[in-house]
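Open the model in your viewer and keep the selection panel at hand. The stops below go from the ligand to a helix and then to the domains.

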Amino acid sequence: MSNLASILESRLSSQRLRWLRALAEASRNRATGIYIVGGVVRDLLLDRPIVDMDISVSGLDEQLASDMADALDGRVTSHSQFNTFKIEIDSTVIDVAMTRQESYANPGALPEVLPGSLEQDLARRDFSVNAMAVDISSDAWGELLDPFNGQGDLNRSFIRVLHPKSFSDDATRIFRAVRYSQRLGFALQDETAMLLQNSLGRLDAISGDRMRHEFQKVFAEACAGPILSRLDELGVLGVVFGPLGRHSSLPWPDWQASEGFSENPPNPEELVWLSTLACGLTPGEAGLFARRLNMDSNWSTVVRDTVAVEGLLDELCSHGILRSRIYQMLNQLHPAALRGVAATHDGSAASGNIHLYLQELQGMRTELTGRDLMALGIDEGPEIGRLLNALLEARLDGSIADRLSEEALLRRMIS
Ligand code: CTP
């Protein structure tokens with residue numbers, strides 16, 4: 001059995017180490033075990049950044065969770081089913097959960113949960129690399145518990161499920177497998193890859209909310225593009241979208257090229273990724289897509305506007321198109337849809353004009369305001385809006401450039 005004490009001490013801040021010791025102390029004689037579990041153990045062993053900390057405690061109940069929070073000078077901010085608690089200390093949240101066993105009554109359903117041992121808790125997990133624990137009790141501080149040889153798979157760079165029914169029990173693990181394999185640069189172990197292929201049909205049983213959540217997690221990854229393309233290659237997107245689906249001839253965007261970053265472009269926000277996913281859909285398909293993912297109005301708008309922007313590509317390519325026309329076409333559409341379409345069709349004249357809109361035209365304003373027009377004697381009402389629009393168009397097209405020429409044009413328009 002390996003001991004990770006020195007890794008814990010070198011990788012975790014002194015504050016985190018203090019918290020872990022305080023949690024262990026609070027649970028002494030009241031819990032039968034306390035462990036760091038899941039992704040954090042994987043990331044400790046891989047020397048990757050540690051973000052969240054998941055702690056599992058055998059025999060955890062509400063009273064013990066509250067005492068643990070007190071020991072950290074924190075407070076329990078949420079208590080969900082199955083004795084899973086969030087303890088907040090300053091602005092840090094630590095997840096503390098009872099070790100549990102799970103069984104799936106039917107595929108896609110949420111699991112039935114009972115208290116269980118650490119081994120049962122690890123056995124219910126998705127992949128061997130996520131099914132390791134580190135004991136943080138004072139008697140066994142740092143001991144690695146690895147019943148499924150996750151460490152071996154980390155060394156071999158493999159994503160491997162723990163049992164053949166893993167994907168059919170929970171098809172969201174299909175997304176997770178691809179996410180981890182791209183994030184870590186790991187391969188899907190052969191049998192895992194075969195099981196994943198055989199379970200694609202199980203994605204039908206996943207609710208819109210859960211499916212949307214999986215896409216959100218993909219969009220949040222630094223390597224979202226490679227994950228989406230792998231999901232596409234493996235046929236996952238094909239199954240999610242059914243007969244609809246992104247036109248496979250469309251490339252996944254290269255943000256660096258598309259948005260002009262010299263290096264390390266920031267990961268675009270999720271709505272921009274959503275738009276790239278919706279590229280190539282017809283209006284009817286876009287509606288089905290929005291319903292399949294049970295999208296809120298913000299997401300649905302981005303999907304609908306993506307289709308609308310793609311419908312404008314021909315005109316946006318036309319030779320000598322006026323800047324005011326580009327503005328008119330794009331100014332009611334969601335900026336995330338504009339960025340998604342521009343990146344997907346990068347290199348085209350249309351994409352260049354969308355960037356022109358985003359970087360320059362969108363921010364242009366007239367110097368005269370509605371108040372100025374009223375001061376010049378124009379009655380309040382829709383006429384003011386029409387005149388301001390006409391001034392803005394002239395400004396966009398470069399026929400006027402300052403307040404004086406705006407006033408001169410205004411006088412001509414109202415005379
Ligand atoms: N888990 C699982 N099956 C799922 C979701 C989660 O077995 N469908 C388990 C895994 O052991 C995982 C842990 O629950 O490590 C916590 O889930 P999550 O926070 O999503 O995973 P992390 O590994 O912490 O992921 P990330 O690094 O992406 O935060």
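Which residues surrounding the ligand are the closest? Select the ligand with its neighbours, counted as near if one heavy atom lies within 4 Å: 14 residues surround the ligand, and the closest are Arg42, Asp126, Asp170, Arg176 and Arg183.

Before going on, note that this is a predicted model, where local features need pLDDT of at least 70, side-chain atom pairs count only at pLDDT 80 or more, and totals for chains, interfaces and linings use all residues. Residues are numbered from 1 along each chain as its sequence is written, and side-chain values use heavy atoms, leaving out hydrogens and water.

Next, show the side chains of three arginines. A polar atom of the Arg176 side chain is 2.9 Å from a ligand oxygen, and one of Arg179 is 3.5 Å from a ligand oxygen. For Arg173, the partner is a ligand nitrogen, at 3.2 Å. The ligand taken alone exposes 570 Å², of which the protein buries 73% (Shrake-Rupley method, 1.4 Å probe).

Now select residues 297-311, which form helix H16 (a DSSP run of H or I, at least four residues). At its start, a side-chain oxygen of Asp296 comes to within 3.2 Å of the backbone nitrogen of Asn298. Colour the buried residues of H16 (under 20% relative accessible area, 1.4 Å probe, protein chains only); among them are Trp299, Asp305 and Glu310. The helices they pack against include H10 (208-219) and H20 (349-359) (contact: heavy atoms within 4.5 Å).

Finally, colour domain 1 (5-156), domain 2 (250-363) and domain 3 (370-414), bounds that come from an automatic or database domain assignment. The centres of domain 1 and domain 3, taken over C-alpha atoms, are 65 Å apart.

Notes. Helix = DSSP H or I, 4+ residues; strand = E, 2+ residues; numbered from the N terminus. Expected span 1.5 Å × (residues − 1). Buried < 20%, exposed > 50% of the residue type's maximum accessible area, 1.4 Å probe, protein only. Polar contact = N/O pair within 3.5 Å; in protein donor to acceptor, adjacent residues only side chain to side chain.
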